Amino acid sequence: MTTETQPGNASPAEADPQWMIRFDKVVKRFGDVTVLRELDFHVRPGERVTLIGPSGSGKTTILRLLMTLERVTSGTIEVDGQYLSHMRRGDRLVPADERHLRQVRKKVGMVFQQFNLFPNMNVLRNITEAPVRALGVPRDQAEAKARELLEMVELADKADEHPSRLSGGQQQRVAIARALAMEPEVLLLDEVTSALDPELVSGVQCLLRDIAQQGNLTLLCVTHEMRFARDISDRVLMFDQGQIVEEGDPEQIFTEPTHQRTRDFLQAVLGA
Amino acid sequence: MIWDWDWTLQILPDLLTQGLLVTVQATLGGAVLAFVLGLFLALLRRSRRAYISRPVGAVTEFIRSTPLLVQLFVVYYVLPDFGVSMTALTTGIIGLGVHYACYTAEVYRAGIDGVPKGQWEAAVALNLPRHWIWLSVVLPQAVRRSLPALGNYLVAIFKESPQLSVITVVDVMGLARELGSERFRYLEPITIAGLFFLLIAIPASILIRRMERRLDH
């Protein structure tokens, strides 16, 4: 498959429904530091992919690019056949404007390491605010849906509670419900259990495992919890220095990694 | 000089009703204007368009660098030459309000900067429209952070309000001076006026400190 690499000087390839996420020669630099080097990777609809690798290897940057919290330095990203960082004007690709970003961003949701619940709203309002303000869902409908989601994350009794009164695990479950309320097609999980006390980790992981198994949500997950990676994903990508070193199904990566970098990394995190 | 109790009791009602009423009007009017205008100044100063943020920055700097007294004189004695005339009290309220808006703008700016980056990112991730990010996520948190400092400015405006007497506003202080000039005795009226300020400012400060502590936790 050949696609253009430089936005603006080639006829863009047509959308390919085969892929939910497509990175094409993506480069991301912060000043002098190159975080991603001509990264290519594809994710199928409904696929659950985990990114592992040492910190600073660019995993989180991939999620932040997909969430449009960062812009690519060069290369293109597509989500569900639509350009994310660029948009088409005539037969050229130009950097996306706010309207285009809002259009494509609808398909993507994200759960953060630090939850980032809005402290000025109660739990219910945290979940309903975006559907009401961004999608124009009537408030009573949004609330009914929010209560269903709270039921699912087993926090139905906390709807009127203030986020600061919840434990870290509960806050993260609310954040998951909040992301799902927008009905994204792609859900990005950025080290979602790293900030939790050890005893709260498994509850959140179980919830995410259920969500992964139920829906046809495309999941992209960055984690340091290898067991969780193994449980949740169809495919594992091992990153190092902004590039994919190795990829495969979790069984293969975790039991018989072929690459020395992967072996070293797994040894380090598993302490084996 | 001996404290004259008879006269004290005679002037107390006037100072308490007329004088204090004007002081309270000037303070509250000035504060409301300062708090609202300050928020707009803070937002305009953050604008990405330089032709908006630069002039706003320059004007606030200018107002912060000149005395309130001079500004009051200019507004009251110079503006009427250009066809703008208002009552002394209105002029005073606008003068206080605009002057302190340039300070509260800084308070709001700090409050906005203090909202964690993660809040913005979560709001973007939820695809909230830009104006709703401001209205429902950032500003409520920023204003909450700003409340104690705004409270301090409320007290400051209250204490500075006697300056309005130079543009003929008859507040507590103006009235005290008038009463004093009738008998050439200033001890009683000025002392009473001072006590009023003390009696209101001290509980207000305590309240603000309490609010600060509640917001901290």
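From the N terminus on, the elements of chain B follow the pattern α-α-α-α-α-α-α-α. In this predicted model, chain B thus offers a simple place to start: eight helices and zero strands. Along the principal axes, the C-alpha atoms of chain B fill a box of roughly 70 × 50 × 25 Å. Chain B has 217 residues, and 33% of them count as buried. Contacts in chain B between residues at least 6 apart in sequence were also examined, and 77% of these join residues at least 24 apart.

The UniProt record helps to place names on parts of this helical chain. An unreviewed entry lists residues 20-208 of chain B as "domain: ABC transmembrane type-1". In the model, that span is 80% helix and 0% strand, with 22 Å between its end C-alpha atoms. The annotation "transmembrane region", again from an unreviewed entry, covers residues 20-44 and 190-208 of chain B. Residues 20-44 of chain B are 100% helix and 0% strand, and their end C-alpha atoms lie 35 Å apart. For residues 190-208 of chain B the figures are 100% helix and 0% strand, with the end C-alpha atoms 27 Å apart.

Chain A, by contrast, brings strands into the picture. Four of its strands form an open sheet in the order β2-β1-β4-β5, with antiparallel pairing. Strands β2 (33-43) and β5 (82-83) of chain A are at the edges and have a single partner strand each, so one side of each is left without a neighbour in the sheet. The partner of β5(A) is easy to follow: strand β4 (residues 74-79) of chain A pairs with β5(A) in the antiparallel sense over two bridges. Within this part of the sheet, A:Tyr83 in β5(A) stands opposite A:Glu78.

A further pair of strands can be found a little later in the chain A numbering. Strand β6 (residues 86-89) and strand β7 (residues 92-95) of chain A pair in the antiparallel sense over four bridges. A:His86 has A:Pro95 as its bridge partner in β7(A). Together β6(A) and β7(A) make a hairpin with two residues between them, and A:Gly90 in the turn has a positive phi of about 65°.

Attention now turns to the nonpolar interior. The largest nonpolar core holds 75 residues, and those touching the most other members are A:Leu66, A:Val79, A:Met110, A:Ala177, A:Leu188, A:Leu189 and A:Leu220. Helix α5 (residues 168-180) of chain A gives the most to this core, contributing six residues. A:Leu188 serves as a good example of the packing: leaving aside residues up to four places away in sequence, A:Leu188 touches A:Leu63, A:Leu66, A:Met67, A:Val108, A:Gly109, A:Met110 and A:Leu220. Another core, of 33 residues, lies apart from the largest one and includes B:Leu39, B:Leu41, B:Ile112 and B:Tyr153.

Finally, the two chains meet. Their contact takes 20 residues from chain A and 16 residues from chain B. On the side of chain B that touches chain A, the elements giving two or more residues are α5 (117-125) and α6 (130-160) of chain B. The residues on this side of chain B divide into nine nonpolar, five polar and two charged.

Conventions
Residues numbered from 1 in each chain as written. Chains lettered and ligands numbered in written order. Predicted model: local features only at pLDDT ≥ 70, side-chain atom pairs only at ≥ 80, totals over all residues. Contact = placed C-beta atoms within 7 Å. Nonpolar A, V, L, I, M, F, W, Y, C, P; charged D, E, K, R; others polar. UniProt positions renumbered as here; feature names shortened; annotations may be inferred. Buried ≥ 20, exposed ≤ 12 C-beta atoms within 10 Å, placed from the backbone. Pairing = 2+ DSSP bridges. Core = buried A, V, L, I, M, F, W, Y, C linked by C-beta atoms within 7 Å.
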